[in-house]
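Here are my notes from a pass through this one, in numbered points. Have the coordinates open while you read.

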Amino acid sequence: MPIGSRPASAAPPTIIRSVAVLGAGTMGSRIAAHLAGCGIPVLLLDRVPATARSRNQIAEAAIETLLKSKPAAFYSPEASRLVTPGNFEDDLPRLTTCDWVIEAVTEDLAIKRSLLLRVLPHLGSGALLTTNTSGLPIASIAASLGEALSVATRERFFGTHFFNPPRYMRLLEVIPTPETDPQVIAAFTSFADRILGKQVVQAHDTPNFIANRIGVANMFAALNLMLQQGLTVEEVDALTGTALGWPRTGTLRLADMVGIDILAHVASNFQESSADNPAYALIQNMVERGWLGDKAGQGFYKKQRDAAGKEERLALNLQTMEYRAFAKARIPALDIAKNATNLPDRLRLLLSSNGKEKASAYIWPLLANLWNYAADRIGEVADDVPSIDRAICAGFNWELGPFALWDAAGVASSVHRCKELGLAVSPHVKALLAAGHTAWYSSDGSTCFSPLTTKLSPVATQPGHARVSNFRPGTQETRGVVKKNPGASLVDLGEGIACIELHSPKSAIGGDAVSLIRSSLASGSESVRDFQAFVITSDFENFSVGANLMQLLLSIHEGEWDEVNHAIRSFQQMTAAIKFCPRPVVVAPYGLCLGGGTEISLHAAQRQVHTELYMGLVEAGVGLIPGGGGTREMALRAHDAARAFAPPEPRDPPAKFAQSGEYAAALKRALETIATAKVSTSASEAASLGLLAPHDRVTRNRERQLLDAKAVALLIADAGYVPPVARTHFAVAGIAVLPTLETGIFLMGEAGFASEHDQKVARKVAHVLCGGRLTPGSLVSEQYLLDLEREAFLSLCGERKTQDRIAHTLKTGKPLRN
């Protein structure tokens with residue numbers, strides 16, 4: 001069966017047209033925001049305050065807080081209109097119209113029971129009823145309801161555990177009771193996967209379920225090791241961050257973000273809360289002091305302003321329990337490990353000294369504890385290894401779960417080292433080695449060892465999920481990698497669709513990627529003959545951070561202006577190949593899609609975007625304008641949007657439209673988007689910025705995006721695709737709008753919102769958007785606008801302030817305003 005095809009047994013998603021969320025606290029309100037962002041109307045209820053201006057005050061205040069929250073809880077402010085505030089006293093009868101009722105009140109069994117008993121009489125026929133909890137036993141909640149929970153309702157009752165914030169955290173643990181109907185769980189899983197974009201993992205009804213049970217235990221192990229070895233909080237965060245494929249925050253910064261009190265609460269459910277655990281004693285001490293992390297302004301780290309009013313960062317000295325100036329960790333082994341191109345190589349470098357220096361001495365026992373603790377949980381929190389790995393990766397944003405990480409380090413060698421160090425070894429890994437295996441997963445990842453059966457079992461795959469890496473080896477139906485270079489690959493996805501996979505270092509688009517895209521999509525090329533359509537995407541963390549600025553800056557410093565000009569022309573030719581390819585090209589951007597990445601996207605026949613899309617033409621931030629066809633495309637889009645909004649009469653001269661208010665307003669919006677280097681905070685905002693088209697589609701689950709894009713490419717190809725023809729008679733606004741835009745730019749500078757160089761860049765953008773200082777309605781070609789764009793880009797490359805901005809951005813990752 002081809003990867004991602006849907007087996008006949010796959011459950012269709014539950015039909016959920018409206019939801020009630022009971023509890024407007026932090027978690028309940030954010031669940032409501034996520035559901036609304038997915039287009040589902042939500043009734044958000046909470047208690048009636050003793051004294052209040054409104055009976056719905058708590059829910060209303062929660063919605064106001066959500067609209068102000070950073071990072072944003074809603075995909076767009078407009079989504080908040082789908083959340084209706086209410087209260088438990090007046091609005092429980094409205095639950096009869098809801099397909100799913102989520103109880104999300106305080107983590108207290110008595111409070112949950114009391115509310116659920118009031119809810120049950122109003123539950124609609126066939127509605128799902130779930131309790132959201134991070135650790136309370138679901139069976140205990142069900143049992144507390146007694147006969148009030150009917151047999152039919154028991155079949156539709158189960159636990160959910162959303163991770164906070166629900167919009168950004170992919171994991172959703174689902175915890176059925178013995179009486180929950182498996183078909184209900186299967187249909188809900190399909191709904192949560194497709195509609196909510198969640199990585200759904202079914203967990204056993206045990207304390208803290210899967211991710212928190214193992215993840216929080218690992219955080220406490222990290223704390224105990226820190227105390228034993230006398231490390232600083234900065235050193236621990238450096239050692240437990242990206243070096244291990246874990247979030248860049250590290251363990252203790254993450255604890256501050258989550259909340260020290262939340263950490264203590266989760267730990268209280270299992271053995272990490274024992275009185276003789278130094279880490280738990282430390283956490284309890286911090287809770288008693290009110291050092292709860294970010295929400296209290298201090299935890300392991302603290303921010304304050306010095307005498308000059310400048311913000312400074314402090315770190316907690318665990319020996320004195322006083323704050324001191326932040327000191328960046330200096331660990332040579334981490335600097336060496338950065339040279340590794342992948343996590344397995346990096347891990348082997350870090351562990352190679354066998355505990356003879358700081359990094360290895362800390363990481364070895366930490367990982368040994370993690371691996372064996374996770375192995376001991378097999379059969380307790382979940383029956384299979386892949387479920388545990390998936391839960392940890394989605395819940396804590398790890399690159400590899402504990403068992404995949406163990407395979408990368410080498411199971412047999414690490415067990416041998418554990419024995420040398422006198423560390424405990426799980427019976428489950430002993431069973432693995434005794435069965436003659438040296439890794440949890442097979443080399444192709446299709447099977448995994450189960451210590452419960454002592455056999456290899458197939459790794460379950462979710463229908464519709466796939467990454468480009470699944471297609472690289474090739475199958476009976478596909479050719480695998482057709483061609484590749486260091487920047488990109490052409491990969492056969494099957495059914496006549498090919499994928500151009502971007503994989504340049506750090507997701508920057510360089511000459512290699514440009515070359516492969518051009519050659520693959522050129523009319524008459526072998527790939528155009530062999531395939532019906534193309535998808536452009538990546539398996540990296542981000543789609544693209546833009547063009548390779550380092551290559552550009554080196555050419556500028558060496559005075560290779562012909563090379564700079566050639567590079568710009570090549571990029572423009574590459575985006576033209578995307579736009580005018582005889583076969584449809586669908587771009588599937590996600591994460592960061594900046595600068596040149598956005599220009600690639602703008603030129604596609606269609607875009608299949610992920611909801612978490614941070615897209616923008618950000619070249620102005622480094623003192624440039626979009627030079628790969630992006631400025632021209634924004635000019636064309638402004639023209640078309642204005643014509644669609646106020647269509648001119650057939651006999652109207654071009655000059656009349658060129659001088660219209662609608663055209664001027666559209667060009668002004670395009671100028672603001674480019675000149676201010678705006679970056680969207682979601683796919684919804686990218687559409688509002690004019691970076692997406694009305695017919696573009698959105699995928700909520702990143703794991704589904706590739707096959708969704710492939711399906712769209714097939715649909716377009718099967719419908720009989722005809723590529724666009726380059727326009728040769730395009731009416732520009734010219735001097736009807738350009739002086740107005742230039743005046744606005746000047747006023748921004750006078751008000752202190754734009755530096756002199758910002759104004760220069762903005763004037764260049766306006767010049768291209770308006771087609772230069774031409775008579776309004778002058779007819780020009782797309783190539784004319786491209787030439788203006790390239791000339792403006794080249795002229796800005798020669799500016800010292802532009803070069804300084806590029807150098808500063810490469811060094812710090814942040815734009816310089818000069």
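1. Let me begin with Asn132, and keep in mind throughout that this is a predicted model. Asn132 belongs to strand β5, which covers residues 128-132. Is Asn132 buried or exposed? It is buried, because its relative accessibility is just 4%, and the cut-off for buried is under 20%. Setting aside neighbours within four places in sequence, Asn132 touches Met27, Ile31, Ile102, Glu103, Ala104, Glu107, Lys112, Thr160, His161 and Phe162.

2. Next, have a look at Pro278 in helix α11, residues 278-289. With a relative accessibility of 45%, Pro278 counts as partly exposed. Beyond its neighbours within four places in sequence, its contacts are Asn224 and Leu227. If you want a sense of scale, the C-alpha atoms of Pro278 and Ile536 are 51 Å apart, with the two positions 258 residues apart along the chain.

3. Now turn to Asn224, the other side of that contact. Asn224 is in helix α7 and counts as buried, since its relative accessibility is 15%. Leaving out neighbours within four places in sequence, Asn224 is in contact with Asn277, Pro278 and Ala279. So here a buried residue meets a partly exposed one, Pro278.

4. Helix α7 comes up again with the cavities. How many cavities of 30 Å³ or more does a search of the whole structure find? Three. The largest cavity has a volume of about 100 Å³, and its lining is made up of Gly215, Asn218, Met219, Thr240, Trp246, Pro247, Thr249, Gly250, Thr251, Leu254, Phe396 and Trp398. The elements giving two or more residues to that lining are α7 (211-229) and α9 (250-258).

5. For open space, see the second largest pocket, with a volume of about 860 Å³. Its lining counts 35 residues, and those nearest the centre are Arg637, Asp640, Gly690, Leu692 and Ala693. Two or more lining residues come from each of α22 (561-580), β22 (606-610), α24 (630-645), α26 (661-675) and α27 (683-688). Which element gives the largest share of the lining? That is α24, with seven residues.

6. On to charges: side chains of opposite charge can pair when their charged atoms come close. The structure holds 37 salt bridges. One of them joins Arg167 and Glu612, at 2.7 Å from N to O. The partners are 445 residues apart, with Arg167 in the loop between β6 (157-162) and β7 (171-176) and Glu612 in the loop between β22 and β23 (613-616). Arg167 is buried, because its relative accessibility is 7%. Glu612 is buried as well, because its relative accessible area is 10%.

7. Glu703 and Arg467 also meet in a salt bridge, 2.8 Å from N to O. This is another link between distant parts of the chain: Glu703 is in the loop between β24 (697-699) and α28 (705-718), and Arg467 is in the loop between β13 (455-458) and β14 (481-484), 236 residues apart. Glu703 counts as buried, at 17% relative accessibility.

8. Worth a look too is the pair Asp758 and Arg805, whose closest N and O atoms are 2.8 Å apart. Here the salt bridge links two helices, with Asp758 in α30 (residues 756-769) and Arg805 in α32 (residues 800-812), 47 residues apart. Are the two partners buried or exposed? Both Asp758 and Arg805 are buried. Elsewhere, Lys579, Arg632, Glu633 and Glu782 are joined into one network by salt bridges that share partners.

9. Last, the surface. Which residues form a nonpolar patch with about 260 Å² of accessible area together? They are Met550, Leu554 and Leu810. Met550 is in helix α21, residues 549-557. Its relative accessible area is 43%, so Met550 is partly exposed.

Terms used:
Residues numbered from 1 in each chain as written. Predicted model: local features only at pLDDT ≥ 70, side-chain atom pairs only at ≥ 80, totals over all residues. Heavy atoms only, no water. Helix = DSSP H or I, 4+ residues; strand = E, 2+ residues; numbered from the N terminus. Buried < 20%, exposed > 50% of the residue type's maximum accessible area, 1.4 Å probe, protein only. Contact = heavy atoms within 4.5 Å. Patch = residues over 30% accessible without salt bridge, like charges linked within 9 Å, V, L, I, M, F, W, Y side chains within 5 Å. Areas by Shrake-Rupley, 256 points an atom, 1.4 Å probe, with all protein chains shown as cover. Salt bridge = Lys/Arg side-chain N within 4 Å of Asp/Glu carboxyl O. 1 Å grid on protein atoms, 1.4 Å probe; cavity = no way out; pocket = protein on both sides within 12 Å on 5 of 7 lines; lining within 4 Å. Points joined across faces, edges and corners; volume = space filled by probe spheres on them.
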